[in-house]
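Reader: I would like a close look at one loop in this chain, together with enough of the surroundings to place what is unusual about its backbone. Please take it slowly and in connected prose.

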Amino acid sequence: MTKNIGNKEETLKESDQKSPNEQLLKHLNPEQKRAVQTTEGPLLILAGAGSGKTRVVTRRVAWLIRERGVHPGRILAITFTNKAAAEMKDRVEELIGAQSRASWIGTFHSMMLRILRRHGELLGYRPGFAIFDSYDQKRVMAEVLKSLNIGERLLSPQDALKRISFFKNNDLSPEEVDASSPYGIFGRQWSEIFRAYQRSLLDKNGMDFDDILTGTLRLFREHPEVLDHYRDRFQYILVDEYQDTNKVQYELIHLLSSRHKNLCVVGDDDQSIYSFRGATIRNILDFEKDFPDCHVVRLEQNYRSTKTILSAANHIIQDNRGRKSKTLWTALDEGVPIQIYRAADHTEEARYVAREIQRRFQKAEEGDALDIAVLYRMNALSRNLEFALRELGIDYRIYGGTRFYDRAEVKDVTAYLALIQSTDDDIAFRRVINQPRRGIGNVTLERLAELAGREGTSFFEAARRADAQDLGRSAGRLTLFVRMIDQFRAQVARGDLSFAELVKMVEEDSGLIAYYEEMKARGDEEAETRLENLIELISDAIDFERRLQYESLDDMWEFGGEDEELDQHLADRSTAGLLRLFLERAALYSDQDKEGQIPPVSLMTIHNAKGLEFDTVFIVGAEEDIFPSIRAQEEADGIEEERRLAYVAVTRARRELLITSAVSRLLFGQTQYNPLSRFVEAIPEDLTEKTGQFGVTPYRPAFENFRSRPDEVPERPLFGRTRPEETGREPAYQAVTRRPAKPAPKKEGSSLDPDKLSVGLGVQHVSFGPGVIENITRAGDDAILTIRFEKMVKRFMASQSALSLEE
């Protein structure tokens, strides 16, 4: 029978509420006190966001030791991160002193490793066995695949390790994998790979990270005497973040607690957002079924957020069916309304966020510590935000991730572009020569380096003469690579490509797109994100050209000035000129990214924001098909997890919450017109203030995709080849170059004819309004115009479509 201790209708006897040690219960609310004092039997603590869970957990451990007289060594307290475990140890020691150090407090892996260190020989390990890191694991797996005659082009060590990790986290043995074998193109061969990998680890007296848990579970199952010892020892077990446990962790905890049954689990089913890592929400939802006589305490008082923010969170999450009933409340004030901004497009959305952040900096008094986070559903959304923040000189950091231009796949493309611009760039050559893999090894590169050094030439020119060198099969591969770069350079020289077309061509014809598509098909979890970033780089190229059409030279380039040679450089709008300007911008961005003190603005995915809190939170991209994602709408329970993700995002905010969306969004090379997210629609109107493009029905063409001209439908798919028959037998990522079916026509000429312009002539700009030309500097067929507007002076190219003659 479940006892809902957190229910307000139930009251405890006065004697039960008194504590021998008021210090441990100080500053706890009634539900928190009950969570600390209910020590016997199974206990489920449903801890809502910001409900003071850490305080409860640490005081519960201290209460057991000081008030119940439990020996610290008989307490096992488990959490998920080393940081959380260290914090728990420190807080308990602050409460009761050094006696707490005998408690078993740590992560699942650190606690189970302590057990394996004592009993590993029962599983065949020798004393001092090693825990292999990711590098060592890849090395072992590479040996295994080679011994099984499985080439890296069919299955990479990294992909194989991910699949084996999936098996282990789902408590599957090689024999069970063999019995079911629904696992991709290798079928039953997976069990052979799995078995050989485990045998190799054991021969080397090592185990991987997953083996720490699966090995302990096997130890308990195969050696009941060891299990008896530890379930006897651990009289009280506490597990934090129980909603994030997987099948193996669930089994370990239930085995260890099966004797004393004093199991306390703490968690929030509404914050279960890690199913992609193997976590199962059923563990916390079914706790009362597993332990019918358990107590349940609901921690519903929130100490973090305003009433307005909490009300929004409650309205969002209440639509989930698979959840425990609870409603967060707070004694804090109502706070300010939630700001919901609907931008015309993604650029306007990003600039709104940047301006709002800048406004908070300007309003802050000296000494004020600003704490601002911008949250997004997918990494690709950070690109526009980063640009907008840089425009206003606002420093930021990507928490738990990498800035857009520093992401490996983006740096690969910029390295290709750098090599296209200058074949003397040996650093770019080294980066891309084998990315994606072309079978050109280190020995070949060393010989190229010797040749280049001997002849005083670049690596690229040395590779051009590969046929004349004794380079074996690598000579042909180098020749193909050189031919591909030469063809790229010829396309740039012809000048009939837009810059976005050039980026798309490089991504496709270099083989990068096909390579990551193949990795995705093999189950590589990172491949999809890398593909998204590559396609988003095309969006960046489109945006780059668009900005050139309406922004002044001074706004686009910080180093602009009255230098005629520099102005001519900035005015070059040929494909080669755009390539040069783009690379200069990318280099400037990297130079600005030097490590310093942690900035007050953090950009991060919502998953990375779990467990954090901020005074001001922006949630961007709040649109259908982005948040919730398209993939979630196709998966069972996908929308419920997305809704939990929205709940997590909203409850990160202490004082202010701003939610943004866009009527149209250029994302992954496509212009999307998505309605407002259902999660935003769930927030009552009286909690919000809405501004921007609400009530606007955008024109949505039947087909709008990446293209250089509005009337041109691309003849090649955005992601390159899509049908197997197009690829032939060669690996899809081998370097090839396909010429367009027909040459693209020259880009349109100037919006204003420089020959018909004169100083003193009136012009109109779409953003700055009317102005007067003060100076004209010729730049080839174009001209740089210095224009005085009402409150400013700006310089523009005459060809920019944002300018027109004043009527």
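Author: The residue to begin with is Asp625, which lies in the loop between β14 and α31. This is a predicted model, and what follows should be read as a description of that model. The strand before the loop, β14, covers residues 614-619, and the helix after it, α31, covers residues 630-634. Within this loop the backbone of Asp625 has a phi near 75°, a positive value in a residue other than glycine. Asp625 counts as partly exposed because its relative accessibility is 30%, and partly exposed residues fall between the cut-offs of 20% and 50%.

The loop between β14 and α31 also holds Pro628, and the peptide bond that leads into Pro628 from Phe627 is cis, with omega near 10°.

Each of these two features has a counterpart elsewhere in the chain. A cis peptide bond also joins Gln435 to Pro436, here with omega near 5°, and Pro436 is again a loop residue, placed between α20 (426-432) and α21 (442-455). A positive phi, near 50°, is found at Glu241, which is likewise not a glycine, and Glu241 sits in the loop that runs from β7 (236-239) to α13 (247-256). Glu241 is buried, because its relative accessible area of 18% is under the 20% cut-off.

For the wider setting, the chain has 807 residues, of which 55% count as buried, and it contains 34 helices and 22 strands. Of the contacts in the chain with a separation of 6 or more, 76% are between residues 24 or more positions apart. The accessible surface of the chain is about 36100 Å², and carbon and sulfur atoms hold 48% of that area.

One helix pair can be added as an example of packing in another part of the chain. Helix α6 (residues 108-119) packs against helix α11 (residues 209-222) at an angle of about 55°, with the two axes 9 Å apart, and α6 is therefore oblique to α11. The contact draws on residues of α6 including Phe108, Met112, Leu113 and Leu116, and on residues of α11 including Phe209, Ile212, Leu213 and Phe220. Sorted by class, the contact of α6 with α11 has ten nonpolar, four polar and one charged residues. The crossing of these two helices, α6 and α11, is left-handed.

To return to the loop between β14 and α31, the two points to look for in the model are the positive phi of Asp625 and the cis bond from Phe627 to Pro628.

Methods. Residues are numbered from 1 along each chain as its sequence is written. This is a predicted model: local features need pLDDT of at least 70, side-chain atom pairs count only at pLDDT 80 or more; totals for chains, interfaces and linings use all residues. Side-chain values use heavy atoms; hydrogens and water are left out. Helices (H or I, at least four residues) and strands (E, at least two) are DSSP runs, numbered from the N terminus. Buried means under 20% relative accessible area, exposed over 50%, partly exposed in between (1.4 Å probe, protein chains only). Contact means heavy atoms within 4.5 Å. Accessible areas come from the Shrake-Rupley method with a 1.4 Å probe; for residues, only the protein chains shown count as cover. Axes are lines fitted to C-alpha atoms, for helices over the stretch in contact, and angles run from 0 to 180 degrees between N-to-C directions. Angles under 35 degrees count as roughly parallel, over 145 as roughly antiparallel, 65 to 115 as roughly perpendicular and the rest as oblique. A crossing is left-handed if the near helix is turned anticlockwise from the far one by less than a right angle, and right-handed if clockwise. Ala, Val, Leu, Ile, Met, Phe, Trp, Tyr, Cys and Pro count as nonpolar, Asp, Glu, Lys and Arg as charged, and the others, Gly among them, as polar.
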